[in-house]
Amino acid sequence: MKIVETEQELRACYPVMQALRPHLQSEDAFVAQILRQREQGYRILAVWEGGEVVALAGYRLQENTVYGRFLYVDDLITAERHRSRRWGALLLGQLTAFAEQAHCARLVLDTGLTNVLAQRFYFREGLLPGALRFAKVFA
């Protein structure tokens, strides 16, 4: 498990991320987006097996008046054929350690209301729902 640093490593993450974020239509667009997000503190932590990314978490440290200092998990995904091997739990454990080292008040992530399998996983890992997010989408 390591923090992704190079463009080549980012490109290796694309197939796994694309399964979670299908709107990311090309590897080049993905790399460009991640490079922009890095300017806001975004990082990817990836699990590699045999030279291939099998799971990843995109995250950033943030601070606001709601939570104080917190670690926000933008993305958490394990490649379909590598699921049920505890990679997600391993990533969450490392992210929790990062949050504690950074003196964060909490770790926060969002999931879709209909994503019952992810919700079950988060409950099992000790995460509890704390809010209902509302949004207005601008096309």
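**Exercise 1. Burial and exposed surface**

Determine what share of the 139 residues in the protein chain of this predicted model is buried, and describe the surface that the chain exposes.

*Solution.* Step 1: a residue is classed as buried when its relative accessible area is under 20%. In the protein chain, 37% of the 139 residues are buried.
Step 2: the area exposed by the protein chain is about 8900 Å². Carbon and sulfur atoms supply 53% of that area.

**Exercise 2. Fold pattern and dimensions**

State how many helices and strands the protein chain contains, give their order, and assess how compact the chain is.

*Solution.* Step 1: the secondary structure consists of 4 helices and 5 strands.
Step 2: in sequence order, these elements form the pattern β-α-α-β-β-β-α-β-α.
Step 3: the radius of gyration is 15 Å, and the globule rule gives 14 Å for 139 residues. These values are close, so the protein chain is as compact as a globular protein of that length.
Step 4: the C-alpha trace spans about 35 × 35 × 35 Å along its principal axes.
Step 5: among contacts with a separation of 6 or more, 53% are between residues 24 or more positions apart.

**Exercise 3. Distribution of charge**

Find how far apart the mean positions of the positive and negative charges of the protein chain are.

*Solution.* Step 1: the protein chain carries 17 positive and 15 negative charges.
Step 2: the mean position of the positive charges is 5 Å from that of the negative charges.

**Exercise 4. The surroundings of Thr 111**

Locate Thr 111, classify its accessibility, and list its contacts beyond four places in sequence.

*Solution.* Step 1: Thr 111 belongs to the loop that connects β5 (106-109) with α4 (116-124).
Step 2: the relative accessibility of Thr 111 is 31%. Partly exposed residues fall between the limits of 20% and 50%, so Thr 111 is placed in that class.
Step 3: once neighbours within four places in sequence are set aside, Thr 111 contacts Ala 118, Gln 119 and Tyr 122.
Step 4: Leu 76 is 35 residues from Thr 111 along the chain, and their C-alpha atoms are 9.9 Å apart.

**Exercise 5. Cysteines and disulfides**

State how many disulfides the structure holds, and decide whether Cys 13 and Cys 104 are buried or exposed.

*Solution.* Step 1: a disulfide is a covalent bond joining the sulfur atoms of two cysteines. The structure holds 0 disulfides.
Step 2: Cys 13 has a relative accessible area of 0% and is therefore buried.
Step 3: Cys 104, at 15% relative accessibility, is also counted as buried.

**Exercise 6. Positive phi at Ser 84 and His 103**

Describe the phi angles of Ser 84 and His 103, and relate each residue to its loop and its accessibility.

*Solution.* Step 1: Ser 84 is not a glycine, yet its phi is positive, at about 65 degrees. Ser 84 sits in the loop between β4 (68-78) and α3 (87-101).
Step 2: the relative accessible area of Ser 84 is 79%, so this residue is exposed.
Step 3: His 103, likewise a residue other than glycine, has a positive phi near 60 degrees. The loop between α3 and β5 contains His 103.
Step 4: His 103 is exposed, because its relative accessible area is 68%.

**Exercise 7. Thr 78 in its strand**

Identify the strand that contains Thr 78, then give the accessibility and contacts of this residue.

*Solution.* Step 1: Thr 78 is part of strand β4.
Step 2: with 11% relative accessibility, Thr 78 is counted as buried.
Step 3: apart from residues up to four places away in sequence, Thr 78 touches Val 54, Ala 55, Arg 83, Trp 87 and Gly 88.

Notes:
Residues numbered from 1 in each chain as written. Predicted model: local features only at pLDDT ≥ 70, side-chain atom pairs only at ≥ 80, totals over all residues. Heavy atoms only, no water. Helix = DSSP H or I, 4+ residues; strand = E, 2+ residues; numbered from the N terminus. Rg over C-alpha atoms; globule rule 2.2 N^0.38 Å. Buried < 20%, exposed > 50% of the residue type's maximum accessible area, 1.4 Å probe, protein only. Contact = heavy atoms within 4.5 Å. Areas by Shrake-Rupley, 256 points an atom, 1.4 Å probe, with all protein chains shown as cover. Lys, Arg positive; Asp, Glu negative; His and termini not counted. Charge placed at Lys NZ, Arg CZ, Asp CG, Glu CD. Disulfide = S-S within 2.5 Å.
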